[in-house]
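Please work through the exercises below with the structure open beside you. Try each task before reading its solution.

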Amino acid sequence: MSLLSYVHPTTDSPWGTYLSQVDRVTPYLGPLARWAESLKRPKRALVVDVPIELDDGTVAHFEGYRVQHSLSRGPGKGGVRYHPDVTLEEVMALSAWMSIKNAAVNLPYGGAKGGIRVDPKRLSVKELERMTRRYTSEIGIIIGPQQDIPAPDVNTNAQVMAWMMDTYSMNTGATATGVVTGKPIHLGGSLGRVKATGRGVFVTGREAARRIGLPLEGARVAVQGFGNVGSAAAELFVQAGAKIVAVQDHSGTLVNGRGFDLAVLIPHVRETGGVAGFAEAEAVDDEAFWDLPCDILIPAALEGQITAARAQRLQARLVLEGANGPTVPSADDVLAERGILVVPDVICNAGGVTVSYFEWVQDFSSFFWTEDEINLRLDKIMVGALRRIWDTADQHHITLRTATFAVACERILTARAERGLYP
Ligand code: NAD
């Protein structure tokens, strides 16, 4: 039975969305199109049972995954997600988007992703640690500083990465800081990593806004997902003179036309776990989020949020995809028809993996850079990558998403063709 027969993608499901994105780029690949089928097949997928003893003495089993979509350009690289909706199909799509993203910013990596189907909010810290350690042990046969390097994603953080690094190191007999990125600073982590994805969203958003003549001073920004990515991006937009007029997370949707005071909202979310209950705002129905007046929309939660119907109602001029896969293909068409510019996930949220790459390089050289150096290099790489993508979009009259896929697929398939087929 082939790996692909285990998943049943629909048009708007994550893997179905990815396949449709690959189909859209194939006409622009020239002779490399011969290799395009390899983009539609993950190289390797590992499904693991993660049994742990709960605090009450019972045993619980969780299903975990690590998918390496492509290793043509270097080791696998991509985050680990803990969420009750994680499936093999979702992890396949997320790993494929990592291949595209890493190639789009020209990092020397392939693409990988991992996850466990679990609601981590129901576990104690000790249970979370046991689950992380057992998962790391189970996927230990395919990860490593030169093989595949995990990082944080939804519901995972620096502490989870520290447990992963320690478990891998214990099993291999040597401290291997380069096996994961997004670690705590004193364990080989990098300055600037925590906010890097949000910073990348801001940098690409700043460049896109400049190109369409949208001043950031006074711009109204709506953010879905107020976690690591959404809150960091929001802070930088506010620093640039924009105001956050709407926020939505799993706990609710809030509106404040005068602009949220993030110095109060961020501690509220940290302390209570969500935006709900924040006093200085009006709570509205979740669905109302999609037609609120705003200039910039930042989806920074989960996949499949911008459907064709919601795309018809958006008021924004610019969509910055902090999340992976937030827009389904049919919605992409609606947004293009309506002249709403989308900076796609595969470049917009690449700031995190770019600073992860810096972290990995610093770990190998055991020489650490200042935060200013990191932020400057990040800015330069993101601006350069976006410029190249924009040129490709202008040349072929295609969307930024298809252009990003064109640049990235050309790099991946060139590596594929140059390496040749083994044996
Ligand atoms: P996080 O766990 O820190 O935050 C996730 C946010 O999404 C939370 O605010 C949560 O309340 C919200 N959310 C969850 N379900 C929701 C729902 N149904 N409706 C509205 N909001 C909902 O995760 P994160 O690291 O900020 O990741 C967010 C997105 O960014 C994901 O798509 C992730 O893959 C992507 N991403 C993350 C990174 C990174 O470095 N962390 C890098 C690239 C891409």
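The exercises go from the whole chain to single residues, and the model is a predicted one.

**Exercise 1. Overall build**

Task: State how many helices and strands the protein has, and decide how its radius of gyration compares with the globule rule.

Solution.
- Start with the elements: there are 13 helices and 12 strands.
- Take the radius of gyration next, which is 20 Å. The globule rule gives 22 Å for 423 residues. The two values are close, so the protein is as compact as a globular protein of that length.
- Add the outer dimensions: along the principal axes, the C-alpha atoms fill a box of roughly 55 × 55 × 45 Å.

**Exercise 2. Inside, surface and charge**

Task: Find what share of the residues is buried, and describe the contacts, the surface and the charges.

Solution.
- Of the 423 residues, 58% are buried.
- Consider contacts between residues at least 6 apart in sequence: 69% of them join residues at least 24 apart.
- Turn to the accessible surface, about 17200 Å². Carbon and sulfur atoms account for 52% of that area.
- Finish with charge: 42 positive and 47 negative charges have mean positions 6 Å apart.

**Exercise 3. A hairpin**

Task: Work out in which sense β1 and β2 pair, and which residue between them takes a positive phi.

Solution.
- Locate the strands: β1 covers residues 44-53 and β2 covers residues 59-70.
- Their pairing is antiparallel and runs over 10 bridges.
- Check one pair across the strands: Ala45 faces Val67 of β2.
- Now look at the turn, where five residues separate the strands. Gly57 has a positive phi near 95° in this hairpin.

**Exercise 4. Unusual backbone geometry**

Task: Identify where Asn155 and His397 lie, and sort each as buried, partly exposed or exposed.

Solution.
- Recall the background: most residues other than glycine have a negative phi, and most peptide bonds are trans.
- Asn155 has a positive phi near 65°. The loop between β5 (148-152) and α4 (158-172) holds Asn155. Its relative accessibility is 33%, so Asn155 is partly exposed.
- His397 also has a positive phi, about 55°. His397 sits in the loop between α12 (371-396) and α13. With 73% relative accessibility, above the 50% cut-off, His397 is exposed.
- Then examine the peptide bond between Tyr422 and Pro423: it is cis, with omega about 5°. Pro423 belongs to the segment after α13 (400-419).

**Exercise 5. A buried arginine**

Task: Decide whether Arg310 is buried or exposed, and name the residues it touches.

Solution.
- Place the residue: Arg310 is part of helix α8, residues 308-313.
- Apply the cut-off of under 20% relative accessible area. Arg310 has 18%, so Arg310 is buried.
- Set aside residues up to four places away in sequence; Arg310 then touches Glu287, Trp290 and Gln305.

**Exercise 6. A covered helix**

Task: List the buried residues of α9, and say which elements cover them.

Solution.
- Helix α9 spans residues 329-337. Its buried residues are Pro329, Ala331, Asp332, Val334 and Leu335.
- Look for the cover: it includes α1 (14-25), α8, β12 (341-343) and α13.
- Step past the helix end: just after α9, Gly339 has a positive phi of about 70°.

How values were computed
Residues are numbered from 1 along each chain as its sequence is written. This is a predicted model: local features need pLDDT of at least 70, side-chain atom pairs count only at pLDDT 80 or more; totals for chains, interfaces and linings use all residues. Side-chain values use heavy atoms; hydrogens and water are left out. Helices (H or I, at least four residues) and strands (E, at least two) are DSSP runs, numbered from the N terminus. The radius of gyration is taken over C-alpha atoms; the globule rule is 2.2 Å times the number of residues to the power 0.38. Buried means under 20% relative accessible area, exposed over 50%, partly exposed in between (1.4 Å probe, protein chains only). Contact means heavy atoms within 4.5 Å. Accessible areas come from the Shrake-Rupley method with a 1.4 Å probe; for residues, only the protein chains shown count as cover. Lys and Arg count as positive and Asp and Glu as negative; His and the chain ends are not counted. The place of a charge is taken as NZ of Lys, CZ of Arg, CG of Asp or CD of Glu. Two strands pair if DSSP finds at least two bridges between them.
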